[in-house]
Structures are given as C-alpha cells and as structure tokens.
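Student: Please take me closely through a single part of this structure. I would be grateful if each term were explained as it arises.

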Amino acid sequence: MAEPLITLESLRYEAGERTLIHDVSLRLDAGRRTVVLGPNGAGKSVLMRLMHGLIEPTAGRIVWNGGGARPPQAMVFQRPVMLRRSVLDNVSYALYLAGVPAAERRARAEAVLERVGLSPLAHRPARVLSGGEQQRVALARAWALRPRVLFLDEPTASLDPGASAEVERLIRVIADDGCSIVMVTHHLGQARRLADDIVFVDAGRITEHTPVADFFAAPRSEQAGHYLRGELSWT
Amino acid sequence: MSTITESFLTAGQLIAEADGKLLSIVGLSLQVSLTAVFLAACLGLPIGAAVAVGRFPGRKPLTVILNGMMGLPPVVIGLLVYLLLSRAGPLGPLGLLFTPTAMVIAQVVLITPIIAALSRQIVADAWRDYEEQLRSLGASTPRAALTLLVDTRFSLSTAVLAGLGRAVAEVGAVMIVGGNIDGVTRVMTTSIALETSKGDLPLALALGFILISIVLILNALAHALREWAARRHG
C-alpha cells in the first residue's frame with residue numbers, strides 16, 4: 001500500500017451563498033502525478049487552493065501524510081508572478097521566505113537555475129523575460145524550495161507549444177526528483193502525457209479518481225464521459 | 001504693458017544674478033518641503049501599504065477617509081496646526097509657532113494623506129496580482145507589504161513626487177504657521193503672495209518662474225524614471 005500524501009475528509013467550501021466544493025473526500029498517494037480535470041467552473045482551482053492552504057475550508061479537514069506535519073510545498077500559477085528583481089533574486093527571495101539561511105540561498109538558487117537551464121538568464125530582470133521563460137523561473141523557484149508536493153494551476157495555458165513542452169519536461173524532472181504533482185489542466189494531451197492518475201471534478205464534486213489509462217479508455221463517471229466526448233470532438 | 005515687460009526683464013535679471021534674497025527664499029522652500037516629504041513618505045508609504053494589504057476592521061472607511069484627505073484645504077491644515085502650536089495650545093510650550101519646523105509639521109500633515117492614498121492604490125493593485133504567489137511562498141502580511149513597497153518602488157516615486165509638488169506649491173498652511181517672517185519663514189509661495197500685494201512684481205515673477213520650473217522638472221523626472229523602469233524592469 002502506497003504512502004498517503006494528502007487526505008481530504010468531507011471538505012466543503014462556500015463563498016457567500018454558493019457552495020463551490022461539496023463535501024469532497026479524496027486521498028492522493030505520495031509520489032504520484034495527479035491531474036485534475038473538469039469543465040470550467042467545476043471547482044478544480046478552488047480544490048487545489050484548499051489543498052495548498054491558500055483558502056480555508058468551510059468544513060471538513062485536510063490530513064497530511066496520514067496525520068503528520070504539512071510537508072514543504074509550492075504552487076505554480078497560470079500567470080507567473082515575478083518580482084521586479086533579477087531571476088536569481090526571485091529564487092533567493094522564495095528561499096528567504098522559507099527560512100533558508102542567507103549563506104545557503106545563493107548557492108541553492110544558482111544550482112536550481114543550472115538544473116532548469118536558466119543560468120544564462122540569472123542576472124536578467126525577471127519581468128522582461130518571455131512568458132515561457134518566466135514560467136520556467138516560477139518552476140525553478142518552486143523547485144528550489146525542495147517541495148514534497150507541487151501544485152500547478154494550468155501552468156501552460158498561456159504558453160506556445162514549444163514553451164509548453166519545456167514546462168512539461170521540467171514538471172517531469174521535478175516529479176522524478178521525488179516530488180508529488182497535483183496539476184489542473186484543460187489540455188487532454190498534456191493530462192495523458194503527464195498524469196499517473198486523473199481526478200475528475202464536476203460541479204464541486206469529485207466524480208472519479210482513476211489511473212490515467214483507465215480514464216481515457218473508459219471513464220467511470222457519466223460526467224467524465226460527457227466531458228471527454230465533448231473535448232475530443234474539438235481536438 | 002510696459003510694467004509687465006519690465007517685470008519679466010527684472011525677474012530674469014534676478015534669476016541670472018542669483019540674487020541673494022531670492023536664493024535664500026528658494027533654499028528655505030526646498031529645505032522645508034523636502035524635509036516634509038521625507039517625513040511624510042516615512043509615514044505615508046507604510047500606512048498606504050498596510051491599508052492595501054492588511055485585514056483589519058475599518059479598512060474600507062479608512063480608505064475613503066485617506067482618499068478624501070488628499071483634498072484637504074491647506075489653510076485649514078494651517079489653522080489646525082496653528083491652534084496646536086499656539087502658546088495656549090497643547091504643543092505651545094515647545095515654542096514652535098512661526099518657525100520652519102512649524103511649516104514642516106503643517107506640510108507633513110498636508111501631504112502624508114496624499115502619499116498614503118496614492119501608495120495604497122498602487123500597492124493594492126499589485127497585491128491583487130501577487131497575493132496568491134506571496135502567500136503560497138509563506139509571506140506574512142507585514143512581509144508581503146514590504147515586498148510590495150519594494151516591488152512598486154518606481155510607481156511609488158510618483159506618489160512621493162506628487163506630495164513634493166503639493167508641498168512646495170501650497171501657500172495657506174505655511175503662511176499661517178510660519179507667519180511669512182522675512183529671512184526666517186519666508187518661502188516662495190508666501191513671498192509671491194506678499195510681493196504681489198506690495199506691488200513688487202519682478203521678485204514675485206522670478207519666484208513664480210522658479211516655482212513652476214521646479215514643479216515641471218519634478219514631473220519630468222518622475223516620467224523619465226517610470227519610462228526607464230518600464231524598459232529595464234518590466
């Protein structure tokens with residue numbers, strides 16, 4: 001039996017009058033790459049923000065590692081947020097917030113930029129880089145934190161195919177480094193390439209949690225079936 | 001017609017000769033206003049950032065009050081500071097009334113809300129984009145506020161310069177609390193008011209030119225800084 005990474009117990013999230021997440025229970029195992037699929041407005045991003053702790057659930061609870069401490073984690077957003085400073089300083093800033101001693105920060109930041117192939121850009125102002133480069137910096141910044149789990153919210157949605165491929169490659173490298181991945185995407189090809197498991201969300205509920213091959217061969221839930229047929233007719 | 005032409009010529013001459021009286025007035029003006037802006041920025045920037053980022057009760061009314069205070073009439077500020085510093089007032093024993101320090105105090109009161117309101121807007125706009133990322137990285141609210149102040153530094157310089165422009169150009173507050181004493185608390189704007197009423201138009205005009213030039217140069221600098229920053233830092 002695999003180690004549990006995160007367990008959601010009857011998680012509910014309400015915003016004003018509306019319930020965005022309806023008593024969701026889910027267990028993700030450590031070391032897996034999970035892709036969250038679902039139609040727009042289904043609550044995928046909200047679910048991920050609840051897991052990462054950016055928003056507090058209205059009810060229910062989140063258990064890490066079967067009852068342990070919250071592991072180090074990071075999140076990469078659709079639009080990378082770069083500070084008005086160099087690429088290297090953007091990474092160092094994240095390490096500073098994570099409490100990494102000053103003496104180690106620079107070396108760690110340089111090492112991670114080296115691994116993602118961004119060393120030549122280390123001293124460039126981060127905000128003047130291209131969208132693809134910025135997203136790679138965002139991945140490097142996340143990876144520098146040595147997360148046990150990395151959340152990604154449509155990380156390639158605003159990127160061209162070449163930049164998307166590079167981001168996918170980095171996600172795979174980070175996963176192979178022993179980091180669990182939880183990613184929201186609308187790109188089925190990407191889901192198929194990257195996922196071990198698919199979590200399908202519809203109208204604030206999880207309708208299925210299936211290994212990727214099974215999901216694309218024969219989704220178990222009616223909603224996912226509709227979604228796949230609808231999506232595939234466009235691709 | 002000839003009076004106006006003559007006045008312009010004499011004004012030009014005063015500036016060209018770097019007239020001693022003129023220089024001391026300009027110097028005091030800059031000294032008072034720059035000191036006031038420095039202090040107002042030390043107060044206003046953190047206040048603006050705190051209101052933009054903080055989550056405390058009364059934040060919305062505070063925003064409205066700050067924005068409203070941007071338009072405070074300088075004479076009323078002058079009057080209030082006058083009451084505060086006058087011999088019978090609570091700060092009377094300090095003996096600050098009719099000193100440059102009193103003028104600095106009045107200008108700090110005048111422009112702190114301007115800097116705070118403008119920087120609140122700038123920081124709040126940035127916070128909308130940065131909030132999730134900074135919180136994901138584990139930034140506390142004060143830390144996030146500081147990061148945003150640093151990250152929006154080029155836009156904030158505009159807010160500070162707006163404060164300086166307002167300080168150096170206002171007349172009501174410094175007139176009341178400074179008293180426009182020759183050689184002690186006489187600044188550009190109060191001199192212009194006085195010399196005009198006395199009929200000494202050349203000196204008033206010369207000071208007017210200098211004042212307008214200072215304001216224009218400040219705005220040109222702010223513009224250039226923003227352009228440069230946009231190219232360099234995005």
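Tutor: What follows is an account of a strand, its sheet and an edge of that sheet. This is a predicted model, in which local features need pLDDT of at least 70, side-chain atom pairs count only at pLDDT 80 or more, and totals for chains, interfaces and linings use all residues. Residues are numbered from 1 along each chain as its sequence is written, while chains are lettered from A and ligands numbered from 1 in the order in which they are written.

The strand is β7 of chain A, residues 180-184 (strands, E, of at least two residues and helices, H or I, of at least four are DSSP runs numbered from the N terminus). Strand β7(A) belongs to an open sheet of six strands, whose order in chain A is β5-β6-β7-β3-β8-β9 and whose pairing is mixed (two strands pair if DSSP finds at least two bridges between them). At the edges stand β5 (73-76) and β9 (205-211) of chain A; each has a single partner strand, so one side of each lacks a neighbour in the sheet. From one strand to the next, the twist averages 15 degrees (axes are lines fitted to C-alpha atoms, and angles run from 0 to 180 degrees between N-to-C directions).

Strand β7(A) pairs with β6 (residues 149-153) of chain A in the parallel sense, over five bridges. There, A:M183 of β7(A) lies opposite A:L152. Strand β3 (residues 33-37) of chain A also pairs with β7(A) in the parallel sense, over four bridges. In that pairing, A:M183 is the bridge partner of A:V35.

How many residues of β7(A) are buried? Five of its five are, and the strand is mostly covered (a residue is buried with 20 or more other C-beta atoms, placed from the backbone, within 10 Å of its own, exposed with 12 or fewer, and partly exposed in between). In a regular strand, side chains alternate between the two faces of the sheet. Here A:S180, A:V182 and A:V184 point one way from β7(A), and A:I181 and A:M183 point the other way, all of them buried.

Let us turn to the contact between the chains. It takes 14 residues from chain A and 13 residues from chain B (residues are in contact if their C-beta atoms, placed from the backbone, lie within 7 Å). On the side of chain A that touches chain B, β5 and α2 (87-97) of chain A are the elements giving two or more residues. That side has eleven nonpolar, one polar and two charged residues (Ala, Val, Leu, Ile, Met, Phe, Trp, Tyr, Cys and Pro count as nonpolar, Asp, Glu, Lys and Arg as charged, and the others, Gly among them, as polar).

Methods: Two residues are in contact if their C-beta atoms, placed from the backbone, lie within 7 Å.
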